[in-house]
Amino acid sequence: MMSPGFNARPRDAALFLALARLIPALILLQLLLVGLAFFDGLGWGPHRALGGAIAAPILALLMLSQRSSLHHHRREVAQLLGLYGLQVALAGIGETIGAGPIQALHAANAGLLLLAGASLARTAHQYGPGEAELPRSRGWSAALSALRPNPPLPSGWTPSG
């Protein structure tokens with residue numbers, strides 16, 4: 001009898017990929033909202049609201065990365081979460097004490113957050129939904145052989161021109 005989670009791994013990977021691709025798009029939208037706040041009088045409300053909402057897909061990525069089939073993304077997701085936490089802290093502190101340099105760090109960190117999100121999206125795309133993970137139990141040689149484009153030829157075999 002099959003367990004209820006039999007098809008969970010490809011579905012989890014597909015969801016992970018969609019969320020990973022969503023993060024850079026949301027950050028770019030954040031940058032657009034900054035421009036509209038500065039140059040069109042939109043105000044900071046939409047920027048703040050979207051900034052808070054970005055936490056949901058990041059936390060979902062964190063939960064998904066705990067699955068064994070997605071464990072190889074844990075470090076990048078943790079980096080993304082750390083940068084997001086720093087972003088929120090810089091925004092709050094900068095606004096509270098009115099320190100321009102801290103607010104400038106908020107803007108610079110947005111660039112790092114975008115790069116981290118794009119890197120995660122690229123990595124998630126390389127693995128792709130349903131891709132097999134590298135073998136764990138057989139060590140580095142098994143992992144390297146999984147990356148080799150062509151298997152080695154049997155010993156003593158020569159091409160017959």
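Glutamine 87 lies in helix α4, helices being DSSP runs of H or I of at least four residues, numbered from the N terminus. The structure is a predicted model, in which local features need pLDDT of at least 70 and side-chain atom pairs count only at pLDDT 80 or more, whereas totals for chains, interfaces and linings use all residues. Residues are numbered from 1 along each chain as its sequence is written, and side-chain values use heavy atoms, with hydrogens and water left out. With a relative accessible area of 10%, glutamine 87 is buried (under 20% relative accessible area, 1.4 Å probe, protein chains only). Beyond its neighbours within four places in sequence, glutamine 87 is in contact (heavy atoms within 4.5 Å) with His106, Asn109, Ala110 and Leu113.

These four residues are among those buried in α5, which also include Ala116, Gly117, Leu120, Ala121, Thr123 and Ala124. The end C-alpha atoms of α5 are 41 Å apart, in agreement with the 40 Å that its 28 residues should span at 1.5 Å a residue, the expected span being 1.5 Å times one less than the number of residues.

Gln87 and His106 are also among the residues closest to the centre of the largest pocket, together with Trp44, His47 and Ala91, out of 23 that line this pocket; a pocket is an open set of points on a 1 Å grid where a 1.4 Å probe fits, with protein on both sides within 12 Å along at least five of seven lines, and lining residues have an atom within 4 Å of a point. Helix α4 contributes seven residues, the largest share of the lining, while α1 (8-39), α2 (45-53), α4 (74-97) and α5 (100-127) each supply at least two.

Terms used:
Buried < 20%, exposed > 50% of the residue type's maximum accessible area, 1.4 Å probe, protein only.
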